Amino acid sequence: MLPFSFADGLFFYAALWLILIIFLWLRELHRNRRSGWELVKGRLFNCSSCHHSFIVKDSRNVVRCPKCNAMCILRKHRN
Ligand SMILES: [Zn+2]
């Protein structure tokens with residue numbers, strides 16, 4: 001005879017899944033906060049030579065393309 005019923009086992013199984021999901025969610029929040037990247041349209045550069053798109057972390061207007069090393073200038077777009 002089992003020391004616990006089927007309902008107790010099912011509850012324990014669901015509780016373990018819930019704890020696992022909460023743990024993974026909190027870990028993902030912590031990882032996102034630590035990396036500091038955010039998707040902002042103003043930081044997306046597009047190289048005019050090789051058409052490579054890349055994101056720059058700080059707010060510079062002129063950067064070098066990581067693929068072809070050409071100068072890329074951020075142009076302000078009107079919405
Ligand atoms: Zn390039």
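Is Y13 buried or exposed? I looked this up before anything else. Y13 is exposed, because its relative accessibility is 51%. I noted the cut-offs: buried means under 20% relative accessible area, exposed means over 50%, and partly exposed is in between, with a 1.4 Å probe and protein chains only.

**Entry: ground rules**

I am reading a predicted model, in which local features need pLDDT of at least 70, side-chain atom pairs count only at pLDDT 80 or more, and totals for chains, interfaces and linings use all residues. Residues are numbered from 1 along each chain as its sequence is written, and side-chain values use heavy atoms, with hydrogens and water left out.

**Entry: the whole chain**

I listed one helix and four strands in the protein chain. Their order along the sequence is α-β-β-β-β. Helices (H or I, at least four residues) and strands (E, at least two) are DSSP runs, numbered from the N terminus. The chain has 79 residues, and 11% of them count as buried. I also looked up the exposed surface, which is about 7500 Å². Carbon and sulfur atoms supply 63% of that surface. Such areas come from the Shrake-Rupley method with a 1.4 Å probe; for residues, only the protein chains shown count as cover.

**Entry: the zinc ion**

Which residues are the protein donors of the zinc ion? I found C47, C50, C65 and C68, each through its SG atom. They lie 2.2 to 2.4 Å from the zinc ion. Donors are N, O and S atoms within 2.8 Å of the metal (3.2 Å for Na, K and Ca); water is not among the atoms, so sites may look incomplete. Along the chain, the donors follow the spacing C-x2-C-x14-C-x2-C. C47 sits in the loop between β1 (44-46) and β2 (53-55). C65 sits in the loop between β3 (62-64) and β4 (71-73). The two are 18 residues apart, so I noted a pair that links distant parts of the chain.

I checked the angles next. They run from 107 to 114 degrees among the four donor atoms, and the site is tetrahedral. Four donors count as tetrahedral if all angles lie between 85 and 135 degrees. The ideal angle for four tetrahedral donors is 109.5 degrees.

**Entry: the core**

C47 counts as buried because its relative accessibility is 2%. C65 is buried too, with a relative accessible area of 2%. Both belong to the largest nonpolar core, which has nine residues. I wrote down the other members: F45, F54, V56, V63, A70, C72 and L74. A nonpolar core is a set of buried Ala, Val, Leu, Ile, Met, Phe, Trp, Tyr and Cys residues joined through side-chain atoms within 4.5 Å. In soluble globular proteins, nonpolar side chains tend to be buried together.

What does C65 touch, leaving out residues up to four places away in sequence? I found C47, C50, H52, F54, A70 and C72. Contact means heavy atoms within 4.5 Å.

**Entry: aromatic pairs**

How many aromatic pairs are there? I counted two. The rings of Y13 and W17 have centres 6.4 Å apart and planes at 80 degrees, so this pair is edge-to-face. Rings of Phe, Tyr and Trp (its six-membered ring) pair if their centres lie within 6.5 Å; planes under 30 degrees apart count as stacked, over 60 as edge-to-face and the rest as tilted. Y13 and W17 both lie in helix α1 (residues 6-35), four residues apart, about one turn of the helix. W17 is partly exposed, because its relative accessibility is 44%. F45 and F54 form a stacked pair, with 5.8 Å centre to centre and 15 degrees between the planes. F45 and F54 are both buried.

**Entry: two positive phi values**

I looked up H51, in the loop between β1 and β2. Its phi is near 60 degrees, a positive value in a residue other than glycine. H51 is exposed, at 62% relative accessibility. N69 is in the loop between β3 and β4. Phi of N69 is near 65 degrees, also positive in a residue other than glycine. N69 is partly exposed, at 48%.

Key. Tetrahedral: all angles 85-135°; square planar, octahedral: opposite > 155°, others 65-115°.
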